[in-house]
Amino acid sequence: MLRLTAAGARAIVDVSYARHFLDFQGSAIPRAMQKLVVTRLSPNFREAVTLRRDCPVPLPGDGDLLVRNRFVGINASDINYSAGRYDPSVKPPFDIGFEGIGEVVALGLSASAKYSVGQAVAYMAPGSFAEYTVVPASIATPVPSVKPEYLTLLVSGTTAYISLKELGELSEGKKVLVTAAAGGTGQFAVQLSKIAKCHVIGTCSSDEKLAFLKSIGCDRPINYKAEPVATVLKREYPEGVDVVYESVGGAMFDLAVDALAIKGRLMVIGFISGYQSPTGLSPVKAGALPVKLLRKSARLQGFFLNHYLSKYQAAMEHLLELHSRGELVCEVDLGHLAPEGRFIGLDSIFRAVDYMYTGKNVGKLVVEIPHSASSKL
């Protein structure tokens, strides 16, 4: 029986990596790469994050994949992460970025049982704002090709699907209010509610977003800059709404509480209106909240995707199937209408985060990570 020391086993795995490096169209993996690193805690992304240009390309472990990122997703919570709000014990410097899609360019021996070099994969894991990211094979999702539409499902799609399935209790004829409905996550809350045969109301901030919401089946899109949302709801839905998918916070949260029907359910997915503040919160009228919920036998519940990871893989598979059948639109915003053009390259992530907080994106904000001129991948 052959026994290997840890060092010996590592050497064999490293030889395996070297073979994989050279096998994929003869393109060698560079020694150095660029990535974004949080170097100080702040909700101001530009102040918190630094683009480092000479970082070693990480080696995957036995059960890992090394993914060359082609597209990465921008999330409102990127600035919560850069502010250290999710895990106060983590101190700078640390990597940032929640999700990516790209090709496998190297992998460990155990990971090679299910994956191969050149395969397209999507993943939700820390550190995606980099040219290369090591991803545990156990959490990667194989996808048919490297296209940004699949990236929209990783955080945004699964958040909408799992939250509505676990908390929404959707059924035919229920009235569902989706705030920030034309955003990365809102677009899926609208469509999944329509698939459940609900009547969907969606708030947005422009006529362009209004048109998009109509195109994905929203029954009553409301441009809150042209129509007061509270007025529309009181006039057109005097009995209230059954489910609220709420991600804005502040005044919109207060409005949503008041709009609940008897036995209504309000799901807090986020509160983006406060993320840029020092506390991360925007004020709400919480003093009367208990009595408002009591009078309507209403329910208020938060949803954080990390607490539902046991449901994640099944959700991804279902969403991919819906998209493949043409039943789910995955709207991508690559910055075509941004003042300085498309978001291309890691340095454009700063612009993309700024753009998100102007509220102008339609669909999921995505940044393209182009290949270097010498790469054949």
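**Exercise 1. Determine which strands helix α9 lies across and how the helix runs relative to β13.**

Solution. Helix α9 lies across β10, β12, β13 and β14, and its direction makes about 150° with β13. Contact here means heavy atoms within 4.5 Å. Axes are lines fitted to C-alpha atoms, for helices over the stretch in contact, and angles run from 0 to 180 degrees between N-to-C directions. Helices (H or I, at least four residues) and strands (E, at least two) are DSSP runs, numbered from the N terminus.

The model is predicted: local features need pLDDT of at least 70, side-chain atom pairs count only at pLDDT 80 or more, and totals for chains, interfaces and linings use all residues. Residues are numbered from 1 along each chain as its sequence is written, and side-chain values use heavy atoms, with hydrogens and water left out.

**Exercise 2. State how many residues of α9 are buried, and identify what covers them.**

Solution. Buried means under 20% relative accessible area, exposed over 50%, and partly exposed in between (1.4 Å probe, protein chains only).

1. Of the 9 residues of α9, 7 are buried, so the helix is largely enclosed by the rest of the structure.
2. The buried residues are M252, F253, D254, L255, A256, V257 and A259.
3. Their cover includes β10, β12, β13 and β14, together with the helices α8 and α10 (289-296).

**Exercise 3. Describe the packing of α8 against α9.**

Solution.

1. The axes of α8 (residues 229-236) and α9 come within 10 Å and cross at roughly 10°.
2. Angles under 35 degrees count as roughly parallel, over 145 as roughly antiparallel, 65 to 115 as roughly perpendicular and the rest as oblique. The two helices, α8 and α9, are therefore roughly parallel.
3. From α8, the residues V229, A230 and L233 meet M252, L255 and A259 of α9.
4. This contact of α8 with α9 comprises 6 nonpolar residues, no polar and no charged. In this classification Ala, Val, Leu, Ile, Met, Phe, Trp, Tyr, Cys and Pro count as nonpolar, Asp, Glu, Lys and Arg as charged, and the others, Gly among them, as polar.

**Exercise 4. Give the strand order of the open sheet of 6 strands, and explain why one side of β11 and of β14 has no neighbour.**

Solution. Two strands pair if DSSP finds at least two bridges between them.

1. The order is β11-β10-β9-β12-β13-β14, with parallel pairing.
2. β11 (220-223) and β14 (299-302) stand at the edges with a single partner strand each, so one side of each is left without a neighbour in the sheet.
3. Direction ignored, neighbouring strands of this sheet are turned by 15° against each other on average.
4. Helix α7 (residues 207-215) also packs on the sheet: α7 touches β10 (199-204) and β11, and its direction makes about 170° with that of β11.

**Exercise 5. Trace the bridges from β9 through β12 and β13 to β14, and state whether β12 is buried or exposed.**

Solution.

1. β9 (residues 175-178) and β12 run parallel and are joined by 3 bridges; V178 stands opposite Y245.
2. β12 pairs with β13 (residues 260-268) in the parallel sense over 5 bridges, and V243 has R265 as its bridge partner.
3. Between β12 and β13 the chain passes through α9 (residues 251-259) in a right-handed β-α-β crossover. Right-handed means that, with the strands pointing away from the viewer, the path from the first strand over the helix to the second runs clockwise.
4. β13 and β14 pair in the parallel sense over 4 bridges, with V268 opposite G302 as bridge partner.
5. In β12 (residues 241-246), 6 of the 6 residues are buried, so this strand is largely enclosed by the rest of the structure.

**Exercise 6. Describe the packing of α5 against α11, and the surroundings of S163.**

Solution.

1. The axes of α5 (residues 153-168) and α11 (residues 312-324) come within 9 Å and cross at roughly 100°. The helices α5 and α11 are therefore roughly perpendicular.
2. Residues L153, L154, G157, T158, Y161 and I162 of α5 meet Y312, A315, M316, H318, L319 and L320 of α11.
3. This contact of α5 with α11 divides into 9 nonpolar, 3 polar and no charged residues.
4. S163 is found in α5 and counts as buried, at 0% relative accessibility.
5. Leaving aside neighbours within four places in sequence, S163 is in contact with residues including Y245, M267 and F303.
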